[in-house]
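Me: Hi! Could you walk me through this fold while I have it open on my screen?
Reply: Happy to. Here it is.

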Amino acid sequence: MADIQGSYDDLFTAVPSALAELLDGGDVGGSVAVFVDGVPVVDVWGGFADAGRTVPWQRDTVVGVYSVTKTMTALCALILADRGEIDLDAPVARYWPEFAALGKEKVLVRHLLSHTAGLPDWDGPVEELYDWASATARLAASAPQWEPGTAAGYHSVTQGFLVGEVVWRVSGRSVGEFFAEEVAGPLGADFHLGLGAEHDRRLAPTVPPPGRDEDYTASAPGNEAAPGTALRVRDGNSVAWRRAQIPAAGGFGNARSVALVQSVMACGGTVGGVRLLSAAGCARAWEEQFSGDDLRLGMHVRWGLGYGLFGNTYGWGGWGGSLVMIEPEARMVVAYVTNQMREPAGDNRGLEIVMSAYDGLTGLRN
């Protein structure tokens, strides 16, 4: 069995066992954390940080979590909304006047968070993603593909720029700066929207699925030919990607940091004595904004404000397999991050980890 490092409560032994099974099954490396009431009951890791399996995964190894980053960006907007600085029912153009062009004057802030704004596709060059002003100018000059609020289509890359620009216009700080100063800093969370050079030594680059190379591109399980510019593994592994702020997909951390940050949402806005928003501000995140077939994911989805809704839980996953799931009733967060991609249609690893955590939660309740 794979060697699993870290610590865990005896009630949650199924969680490190599940991680070990994934590593024994061929995965390169990963980490898992389960927090209950803002306290870690599982914090484990194993495997390797490199495709050659020569560098062991360490306690402080970080990895790109792709769309799990959306939950971090959403949290920034929800904090500002909770403070009364952003009105979720206001037109985006109230904060970003240029955005009103080409029929977008009726796009509301909540539409950005719920993937219903009508701007799902990035059709510019990949390199433009690394220039904030160019990326947001392109989106401001785009026409919506449907009447905002009437349909949903996963804004895989664009959502972060859209929400992030509102954060910048309101707070005077980039979303990466806001997150570092208002969220990660106070909590002591090792999560970064954009990664500085000082962290490169502990980065686990993304490993393509077996049989694939770094030209492997992002796609949803039900939509293999999504419109827009295809993003490749080599893009996500590039220095330019790490240094840029791409707040829908460019976050870096480990399971511990993901679970710690999202415990704010599970615990009514306060973790470890640090209050980031009110209980009502947290509950806002899982108010249903849309339920139906997502035009880009090709499957039925329920969207809250920045989070996917799944029964009584909410959260989201990232390209390659990373996942965060929040269980507000139990005040529990489960986070799984990995450098090993699998083909999306057959990737149930995150779900397996979540179910193993529920085994422990049942024991805790008993």
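**Helices, strands and turns**

Reply: Let's begin with helix α2, residues 69-82: its 14 residues reach 20 Å from the first C-alpha to the last, close to the 20 Å expected at 1.5 Å a residue. Keep in mind that this is a predicted model.

Me: How many residues of α2 are buried?
Reply: Of its 14 residues, 13 are buried, so α2 is mostly covered.

Me: And what follows α2?
Reply: Gly 84 does, and its phi is positive, near 80°.

Me: What about the loop on the other side, between β4 and α2?
Reply: Tyr 66 is found in that loop, which runs between β4 (62-64) and α2. Tyr 66 has a phi near 50°, a positive value in a residue other than glycine. Most residues other than glycine have a negative phi.

Me: Is Tyr 66 buried or exposed?
Reply: Tyr 66 counts as buried, because its relative accessibility is 5% and the cut-off for buried is under 20%.

Me: Which other non-glycine residue has a positive phi?
Reply: Arg 331 is one, with phi near 55°. Arg 331 sits in the loop between β14 (323-327) and β15 (332-338). At 34% relative accessibility, Arg 331 counts as partly exposed.

Me: Switching to sheets. What is the strand order in the one with β4?
Reply: The order is β5-β7-β4-β6, an open sheet of 4 strands with mixed pairing. Its edge strands are β5 (192-193) and β6 (203-204), each of which pairs on one side only.

Me: How does β5 pair with β7?
Reply: β5 and β7 (residues 251-253) are antiparallel, with 2 bridges between them. His 192 stands opposite Phe 252 in β7.

Me: OK, now the N-terminal strands. What does β3 pair with?
Reply: β3 (residues 39-47) pairs with β1 (residues 4-8) in the antiparallel sense over 5 bridges. β3 also runs antiparallel to β2 (residues 29-36), and 8 bridges join those two.

Me: Which residues face each other there?
Reply: For β1 and β3, Ile 4 has Gly 46 as its bridge partner. For β2 and β3, Ser 31 stands opposite Trp 45.

Me: How many residues lie between β2 and β3?
Reply: There are 2, and the two strands form a hairpin. Asp 37, in the turn, has a positive phi of about 55°.

Me: What do the buried residues of α1 pack against?
Reply: They pack against β1, β2, β3, β15 and α11 (349-365). The buried residues of α1 (residues 14-24) are Val 15, Pro 16, Ala 18, Leu 19, Ala 20, Leu 22 and Leu 23. Just after α1 comes Gly 26, with a positive phi of about 120°.

Me: Next topic, helix packing. At what angle do α6 and α9 pack?
Reply: α6 (residues 175-187) and α9 (residues 255-266) pack at about 100°, and their axes are 10 Å apart. That angle makes α6 roughly perpendicular to α9.

Me: Which residues meet there?
Reply: Phe 179, Val 183 and Leu 187 in α6 meet Leu 260, Val 261 and Val 264 in α9. By class, the contact has 6 nonpolar residues, no polar and no charged ones.

Me: Can we look at Val 109? Where is Val 109 found?
Reply: Val 109 is in helix α3 (residues 109-113). With a relative accessible area of 4%, Val 109 is buried.

Me: What does Val 109 touch?
Reply: Leaving out residues up to four places away in sequence, Val 109 touches Ile 86, Asp 87, Leu 88, Ala 90, Val 92 and Tyr 95. Asp 87 is 22 residues from Val 109 along the chain, and their C-alpha atoms are separated by 7.4 Å.

Me: Last one. Which side chains of β11 are buried?
Reply: Val 301 and Trp 303 are: they point to one face of β11 (residues 300-303), while His 300 and Arg 302 point to the other and are not buried. In a regular strand the side chains alternate between the two faces of the sheet.

Me: And which residue is the bridge partner of Ser 291?
Reply: Arg 302 in β11. β11 pairs with β10 (residues 290-293) in the antiparallel sense over 4 bridges. The two form a hairpin with 6 residues between them, and Gly 298 in the turn has a positive phi of about 70°.

Definitions and conventions: Residues numbered from 1 in each chain as written. Heavy atoms only, no water. Expected span 1.5 Å × (residues − 1). Buried < 20%, exposed > 50% of the residue type's maximum accessible area, 1.4 Å probe, protein only. Pairing = 2+ DSSP bridges. Axes fitted to C-alpha atoms, helices over the stretch in contact; angles between N-to-C directions. Parallel < 35°, antiparallel > 145°, perpendicular 65-115°, else oblique. Contact = heavy atoms within 4.5 Å. Nonpolar A, V, L, I, M, F, W, Y, C, P; charged D, E, K, R; others polar.
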